[in-house]
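I open this notebook to record what I looked up in the structure, going from single residues to the whole chain. The entries follow the order in which I made the queries.

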Amino acid sequence: MSSRKFFVGGNWKMNGDKESLGELIMTLNTASLNDETEVVCGAPAIYLDYVRSKLDQRIGVAAQNCYKVPKGAFTGEISPVMIKDCGVDWVILGHSERRHVFGESDELIGQKVAHCLENDLGVIACIGEKLEEREAGTTEDVVFEQTKVIADNVKDWTRVVIAYEPVWAIGTGKTATPDQAQEVHEKLRGWLRANVSNAVADSVRIIYGGSVTGGNCKELAAQPDIDGFLVGGASLKPEFVDIINARA
């Protein structure tokens, strides 16, 4: 097993209210969690302050998105400065829903990555191919291109986690097999080795997202290049604890 610290992120997306999130927070706060796993929960922006104030400090909190500048006339957006002001240390950027539902370009995602890192906000940077791209055999081309734009905007890799999320496996119930996921993770690490450095390739955490559940997490976690998960629907359920403890 690698020396990279296992990382499990929960992406709550546009779900929950104070009552239901309060119950989830209570479950997490009282659960026995593997000390060797870093855990970060991605809360809706309107609840960032609430979640950070209620969630045990051993668990990190992430915003689910932000903009590329500190402030200004950008109605509806939030900035890294605002996120930090809520005591939050992470942000999820480039999620497939931001790319494909809201039309965010690789260039914009890269600009956001640069600005967040300049403001000392950790970045969970998402990449992944759509079903038609996988079926066309262009998975590597797509994820390498997305990774390059991210890498071009990173100076300090210690605050970056890469989340490989095949779009066809998000919220569909379909999961890449452990072998399929491991293959892409291994190739991504090879790309980092060839295009960034050996040190970054060895140290950066590449996590998997795409219908991760309590039932499939242990087998996925056993793969040598899978360093954790970004979990959607299951992160709102008690089984999230089982996923966090996949390597326990």
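**Entry 1: two positive phi values.** I started with S211, which lies in the loop between β7 (205-208) and α10 (217-221); helices here are DSSP runs of H or I with at least four residues, strands are runs of E with at least two, and both are numbered from the N terminus. I note at once that this is a predicted model, in which local features need pLDDT of at least 70 and side-chain atom pairs count only at pLDDT 80 or more, while totals for chains, interfaces and linings use all residues. Residues are numbered from 1 along each chain as its sequence is written, and side-chain values use heavy atoms, with hydrogens and water left out.

I looked up the backbone of S211 and found phi near 55°, a positive value in a residue other than glycine. I then asked whether S211 is buried or exposed. S211 counts as buried because its relative accessible area is 19%, and the cut-offs are under 20% for buried, over 50% for exposed and partly exposed in between, with a 1.4 Å probe and protein chains only.

The other residue I noted for its phi is D120, which is not a glycine and has a positive phi of about 60°. I recorded both values because most residues other than glycine have a negative phi. D120 lies in the loop between α5 and β5 (122-127), and with a relative accessible area of 44% D120 is partly exposed.

**Entry 2: a lysine in a helix.** I turned to K112, found in helix α5 (residues 106-118), and asked how buried or exposed K112 is. The relative accessible area of K112 is 1%, so K112 is buried. Leaving aside neighbours within four places in sequence, I listed N65, C66, Y67, K68, L93 and E104 as being in contact with K112, where contact means heavy atoms within 4.5 Å.

**Entry 3: residues in strands.** A62 lies in strand β3 (residues 60-63) and counts as buried at 1% relative accessibility. Not counting residues up to four places away in sequence, A62 touches V40, C41, G42, A43, L48, V88, W90, V91 and I92. I also looked up the pair A62 and Q182, which are 120 residues apart in sequence and 26 Å apart in space, C-alpha to C-alpha.

V160 is found in strand β6 (residues 160-164), and its relative accessibility of 3% makes V160 buried. With residues up to four places away again left out, V160 touches L117, V123, V154 and V204.

**Entry 4: a loop residue and a helix residue.** Q57 lies in the loop between α2 (48-54) and β3 and, at 63% relative accessibility, counts as exposed. The C-alpha atoms of Q57 and N29 are 9.1 Å apart, with the two positions 28 residues apart in sequence numbering. I243, in contrast, lies in helix α11 (residues 240-244) and is buried at 0% relative accessibility. Beyond four places in sequence, I243 touches V8, V212, T213, G214, C217, F229, V231 and A234.

**Entry 5: the nonpolar cores.** I next asked which residues have the most contacts inside the largest nonpolar core. In that core of 67 residues they are W12, L28, V51, V91, W157, Y208 and F229; a nonpolar core is a set of buried Ala, Val, Leu, Ile, Met, Phe, Trp, Tyr and Cys residues joined through side-chain atoms within 4.5 Å. Helix α8 (residues 178-195) gives the most to this core, with five residues. Apart from it lies another core, of eleven residues, among them A62, I92, I124 and C126.

**Entry 6: the whole chain.** The chain holds eleven helices and eight strands, and buried residues make up 52% of its 248 residues. I compared its radius of gyration, 17 Å, with the value near 18 Å for a compact globule of 248 residues, and the two agree; the radius is taken over C-alpha atoms, and the globule rule is 2.2 Å times the number of residues to the power 0.38. The C-alpha atoms fill a box of roughly 45 × 45 × 35 Å along the principal axes. Finally, of the contacts with a separation of 6 or more, 73% come from residues 24 or more positions apart.
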